[in-house]
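Colleague: Please take a close look at a single part of this model. I would like one connected account of a strand and what surrounds it.

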Amino acid sequence: MSGVLLTRLRQGHRTMSWPDGPPPPLPDRFRGRPAIDPTRCTEGCNACAGACPTQAIVVASDTPVPRIDLGRCLFCTECVDACPNGALSHTTDHRLAARTREDLVIGPRELVVAASLEGRLRKLFGRSLKLRQVSAGGCNACEADVNVLSTVVWDIARFGIQVVASPRHADGILVTGPVTENMRVALLKTWDAVPAPKLVIALGACAISGGPFSGHAEQHDGVGGFLSVDLFIPGCPPHPLTILDGLLRLVGCLERDA
């Protein structure tokens, strides 16, 4: 027992300092918010849109600058590789969460990052959230990154945010997966069991738009067709830092421009 205690003392404090300090370093291969250089876009090219496996990119007739729907984007870099002029790239910016579906569309405009809950709800939840996670047909990648947030380095509980076992103890649901037909009733029953007022958070491309399964007959292209979503966290899967950033913005622990 004494050896265990000595080892723990040697390890010291392991929880990261963010958001009070700098965010943890991200690897060079991290794919964050896409960036578009409009000066390199060629009118009528459409190479990026043609390469996108989820039709997340649209090039309108009024401008050669593509519009990227982050809610459909898999961050796969097919568009980056297809662009003949190098107009597209992925930055290391982890801030991706938004409050509305429309705010996830970037291109001629910048991403509108999530704002906090409105006055009454923000006061009611008191900067804390208890969430029931619902895996509605996901591949477990998003679920795995949610689990990472409970480890000692991230320690999401220090912000008053917890994933709870029962929807009756929850303030809302955290949905992953495209909502398969076999999970539709379970999702809606979980939602009904959460006491009002309550929130819906769509986590990952599948929960937002169906992801790579969009249009498939056995799923419903995400949770938005059933419930009103309060926070969208895009990615495939979103990095734990992206998830935590979105949740902290929702409860008012981070300002919009931070």
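**Strand E9 and its surroundings**

Modeller: Five of the five residues of E9 are buried, so the strand is largely enclosed by the rest of the structure. Keep in mind that this is a predicted model. E9 covers residues 199-203. Its side chains split two ways. Leu199, Ile201 and Leu203 point one way from E9, Val200 and Ala202 point the other way, and all are buried. That is the general pattern: in a regular strand the side chains alternate between the two faces of the sheet.

Next, the strand pairing. E8 and E9 run parallel, joined by four bridges. One end of this pairing can be named by residue: Gly172 has Leu199 in E9 as its bridge partner. E8 itself spans 172-176.

Leu199 also leads to a helix. Phe125 touches Leu199, along with Leu117, Asp171 and Pro197, leaving out residues up to four places away in sequence. Phe125 lies in helix H4, residues 119-125. With a relative accessible area of 8%, Phe125 falls under the 20% cut-off and is therefore buried. For scale, take Ser166: Phe125 is 41 residues from Ser166 in sequence, and the C-alpha to C-alpha distance is 18 Å.

Now a second helix, H5, residues 141-148. Its buried residues are Cys142, Glu143, Asp145 and Val146. They cover an arc of only 165° around the axis, so they sit on the same side of H5. In general, an α-helix has 3.6 residues a turn, so residues three or four places apart point the same way. What do the buried residues of H5 pack against? E9 is one of the partners, and E8 is another. The others are strand E6 (129-135), strand E7 (161-163) and helix H8 (240-250).

H8 carries the picture onward. His94 touches Leu241, Thr242 and Asp245, and also Trp18, Pro23, Leu26 and Phe30, again leaving out residues up to four places away in sequence. His94 is found in the loop between strand E4 (88-90) and strand E5 (105-106). Its relative accessible area is 11%, so His94 counts as buried.

Phe30 then points to the largest pocket. That pocket holds about 180 Å³ of space. It is lined by 13 residues, and the closest to its centre are Phe30, Arg31, Phe75, Cys236 and Pro237. By class, the lining has eight nonpolar, three polar and two charged residues.

Key:
Residues numbered from 1 in each chain as written. Predicted model: local features only at pLDDT ≥ 70, side-chain atom pairs only at ≥ 80, totals over all residues. Heavy atoms only, no water. Helix = DSSP H or I, 4+ residues; strand = E, 2+ residues; numbered from the N terminus. Buried < 20%, exposed > 50% of the residue type's maximum accessible area, 1.4 Å probe, protein only. Contact = heavy atoms within 4.5 Å. 1 Å grid on protein atoms, 1.4 Å probe; cavity = no way out; pocket = protein on both sides within 12 Å on 5 of 7 lines; lining within 4 Å. Points joined across faces, edges and corners; volume = space filled by probe spheres on them. Nonpolar A, V, L, I, M, F, W, Y, C, P; charged D, E, K, R; others polar. Arc of directions from axis to C-beta. Pairing = 2+ DSSP bridges.
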